Amino acid sequence: ARARALAEAGRNDAALAEALTHAGYTRYSRVFHGGQGAYGEALPELERALALREALGEPAALAESWVFCGVAPVRLGEVAGAKALYQRALDHSRDHACALEQSYALRHLAFLRQGDGDLNGALDYFQRSLLLREAIGFRINLPLSLLSVGQVQGQLGRHGEALATLDRALALAESLGSTRVATLCLYLQGESHRASGRPQEAAAAWARSRQLSEEIGYAVGVQRALARLKTLAERDKV
């Protein structure tokens, strides 16, 4: 809000668009991570930022805005419109060699492919996004990128590959202090161990996921791990 006020006072449209983008995405994140507010509340700031960036014509910023303007509509069920924005961002970022923005567009298109059941297509796009982020040294989001690749590998039944990818994701998440991502890595590792007939290893992964989730107050993570541990316990009683 302070950045927005300063940008408006100084008539700096590029800085104003940046402030609006972060404000809108923060509103989106408050709903996604904490259930506060509504997804539609993010759109006015994100769309105003997009209008400013379209006028300015800076390629990377414009591609970023197209991606960010798609995230809330997906949650509102407006998938076709979001997909068009992501594809526009992907094409534009490729044409202008904007590697980071290209990685974002690929990642969000991968989620849509995953949701449609196109797991091979999703894996392809997640891996391309990951490679771009590794190439430019964008470490902060690498654990999530690796997590997505590992998840789809597991969904495809490629559990050996999934576990190796998730090991990388877990190590990097722990080194960066991304505990919430670490809980997800452990949960998915448990899924692959269970599917591979290793219930003890699955239980150990889920127990650790539960422990870390409790430490950071991540209620969904606790409930998810407990549900899986309960399933194993009930199976052992049979």
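Visitor: What makes glutamate 45 and arginine 27 a salt bridge?

Guide: In this predicted model, the closest N and O atoms of glutamate 45 and arginine 27 are 2.6 Å apart. The rule asks for a Lys or Arg side-chain nitrogen within 4 Å of a carboxyl oxygen of Asp or Glu, and the pair therefore qualifies as a salt bridge.

Visitor: Which parts of the chain does this pair tie together?

Guide: Glutamate 45 belongs to helix 3 (residues 43–56) and arginine 27 to helix 2 (residues 13–34), so the bridge ties together parts that are 18 residues apart in sequence.

Visitor: Why is glutamate 45 called buried, and why is arginine 27 called partly exposed?

Guide: Glutamate 45 has a relative accessible area of 10%; buried means under 20%, so the residue is classed as buried. Arginine 27 stands at 35% relative accessibility. Because partly exposed covers what lies between the 20% and 50% limits, arginine 27 counts as partly exposed.

Visitor: How do you know that arginine 53 and glutamate 64 form a salt bridge?

Guide: Their side chains meet at 2.8 Å, N to O. The cut-off is within 4 Å, and the pair is therefore counted as a salt bridge. Arginine 53 lies in helix 3 and glutamate 64 in helix 4 (residues 59–75), so this bridge ties together parts that are 11 residues apart in sequence.

Visitor: Are arginine 53 and glutamate 64 buried or exposed?

Guide: Arginine 53 has a relative accessible area of 3%, and glutamate 64 has one of 18%. Buried means under 20%, so arginine 53 is buried, and glutamate 64 is buried as well.

Visitor: Which residues are joined into one network by salt bridges that share partners?

Guide: The network consists of Arg4, Glu8, Arg27, Glu45 and Arg48.

Visitor: What makes glutamate 8 and arginine 4 a salt bridge, and where do they lie?

Guide: Their side chains meet at 3.7 Å, N to O, and the limit is within 4 Å; the pair therefore meets the rule. Both residues lie in helix 1 (residues 2–9), 4 residues apart, about one turn of the helix. Glutamate 8 is at 37% relative accessibility and arginine 4 has a relative accessible area of 29%. Partly exposed lies between the 20% and 50% limits, so the term applies to glutamate 8 and to arginine 4.

Visitor: How many salt bridges are there by this rule?

Guide: The count comes to 12.

Visitor: Why is histidine 108 called buried, and which residues does it touch?

Guide: Histidine 108, in helix 6 (residues 99–115), has a relative accessible area of 17%. Buried means under 20%, so histidine 108 is buried. Leaving aside residues up to four places away in sequence, histidine 108 touches Val67, Val71 and Tyr86.

Definitions and conventions. Residues are numbered from 1 along each chain as its sequence is written. This is a predicted model: local features need pLDDT of at least 70, side-chain atom pairs count only at pLDDT 80 or more; totals for chains, interfaces and linings use all residues. Side-chain values use heavy atoms; hydrogens and water are left out. Helices (H or I, at least four residues) and strands (E, at least two) are DSSP runs, numbered from the N terminus. Buried means under 20% relative accessible area, exposed over 50%, partly exposed in between (1.4 Å probe, protein chains only). Contact means heavy atoms within 4.5 Å.
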